[in-house]
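Biologist: I should like to examine this model through a series of questions. Please state the cut-offs as each term arises.

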Amino acid sequence: SCQPDQCCAESGESWSRLMADRYWVGGTGTWNDTAKWSASSGGASGASYPTATDNAFFDGNSGAGTATLNNQSCANLTATGYTGTMTGAVNVKGDCVLGSGGVYTAVSLYLNGSGAQSLTSNGEALRHIFVEGDASAERTVTFEDATTATAATYGYLWFNYNGGAAVTLRLKDGVTHTFNTVAMDTVGGPSSGVNALQSTTPGVQATLADANGGSNSLYYVNVSDIAATGGTFTGVTNAYDYGGNSGFTGLISVGGAGLFFGEVA
């Protein structure tokens, strides 16, 4: 018979897990320890730890210790009400919401879903953020509020670093997104000239800031409604100016202004 949170597959003895919600209840511990997870907030431990198809929750019942993420994966990650500390790397396939009472400065966040994703930071800083392109499907990633990655080591915003299909990265307009370094993949592949860097509202700038005053290079991207500040932001290869920008050099002018790419599935 089927085990809890599982269903029997059609083929022989193979098993297929159902999507599940998992709640961290372990205080201090590692992600892949089943003694640290429950099927309900504040419930009994011993549930399976979340994988790429499961939602992970850290909340007020999760304890104030340190959760080591171990480069594991989940669907949506929600940390509203969490007052503990996270450390390590995590792969999020869906939306990510951080809690304003937690500590995340040692967290490396990989946004590597196959569809639209959003990140809500709630004022919390990360170690670095990798926005990945899907192998074949274009997609949109939206930063819903001011986003920061300025850890002493790294502090990257790395945009489509794996050279996947095109990514539209939308930065919340009217606020500043601050990083030590902004980097992109240097080869076009399937995303040549198709990636987009834009604000969430046409005609209203979002600010992209370099906290270190360094050099930031852009490749294969259409830029609109972004104010770059704090360092040098240079279009190197196939980086196009679609209007509403400031602080960039080397962008290729295409004429007109305010091109808005909208949502990509």
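Biologist: Is Cys-74 buried or exposed, and what is its relative accessible area?
Modeller: This is a predicted model, in which local features need pLDDT of at least 70 and side-chain atom pairs count only at pLDDT 80 or more, while totals for chains, interfaces and linings use all residues. Residues are numbered from 1 along each chain as its sequence is written, and side-chain values use heavy atoms, leaving out hydrogens and water. Buried means under 20% relative accessible area, exposed over 50%, and partly exposed in between (1.4 Å probe, protein chains only). Cys-74 is buried, and its relative accessible area is 0%.

Biologist: How many disulfides are counted, and how far from Cys-74 is the nearest cysteine sulfur?
Modeller: A disulfide is taken as a pair of cysteine sulfur atoms within 2.5 Å. By this rule the count is zero. Cys-74 is in no disulfide, and the nearest cysteine sulfur, that of Cys-96, lies at 7.5 Å.

Biologist: Why is the sulfur of Cys-96 not bonded to that of Cys-74, and what is the relative accessibility of Cys-96?
Modeller: The closest cysteine sulfur to that of Cys-96 is in Cys-74, and the separation of 7.5 Å is too far for a bond. Cys-96 counts as buried, its relative accessibility being 0%.

Biologist: How many helices and strands are there in the protein chain?
Modeller: Helices (H or I, at least four residues) and strands (E, at least two) are DSSP runs, numbered from the N terminus. On this basis the protein chain has zero helices, and its strands number 28.

Biologist: What share of the residues is buried, and what share of contacts with a separation of 6 or more joins residues 24 or more positions apart?
Modeller: Of the 265 residues in the protein chain, 48% count as buried. A contact means heavy atoms within 4.5 Å. Among contacts in the protein chain with a separation of 6 or more, the share held by residues 24 or more positions apart is 48%.

Biologist: How many aromatic pairs are found, and which parts does the pair of Phe-130 and Trp-158 tie together?
Modeller: Rings of Phe, Tyr and Trp (its six-membered ring) pair if their centres lie within 6.5 Å; planes under 30 degrees apart count as stacked, over 60 as edge-to-face and the rest as tilted. The whole structure yields 12 aromatic pairs. Phe-130 and Trp-158 are edge-to-face, at 5.7 Å centre to centre with 80 degrees between the planes. The pair ties together parts that are 28 residues apart in sequence, because Phe-130 lies in strand β15 (residues 128-131) and Trp-158 in strand β18 (residues 156-159).

Biologist: How accessible are Phe-130 and Trp-158?
Modeller: Phe-130 counts as buried, at 9% relative accessibility. Trp-158 is partly exposed, and its relative accessible area is 24%.

Biologist: Which residues form one aromatic cluster with Trp-24?
Modeller: The cluster has other tryptophan members, Trp-31 and Trp-37. It is completed by Phe-58 and Tyr-82.

Biologist: Where is Thr-147, and which backbone oxygen does its side chain reach?
Modeller: Thr-147 lies in the loop between β16 (139-143) and β17, and at 0% relative accessibility it counts as buried. Leaving aside neighbours within four places in sequence, its contacts include Leu-119, Ile-129 and Phe-179. At 3.0 Å, the side chain of Thr-147 reaches the backbone oxygen of Asp-145.

Biologist: Why is strand β24 described as largely enclosed, and which residue of β26 stands opposite Ser-215?
Modeller: Eight of the 10 residues of β24 (residues 215-224) are buried, so the strand is largely enclosed by the rest of the structure. Two strands pair if DSSP finds at least two bridges between them. Strand β22 (residues 195-199) pairs with β24 in the parallel sense over four bridges, while eight bridges join β24 to strand β26 (residues 232-241), also parallel. Opposite Ser-215 stands Thr-232.

Biologist: What is the phi of Asn-71, and what is that of Asn-238?
Modeller: Most residues other than glycine have a negative phi. Asn-71, in the loop between β7 (66-68) and β8 (72-74), has a positive phi of about 60 degrees. Asn-238, in strand β26, is partly exposed at 30% relative accessible area. Its phi is likewise positive, at about 50 degrees.

Notes: Polar contact = N/O pair within 3.5 Å; in protein donor to acceptor, adjacent residues only side chain to side chain.
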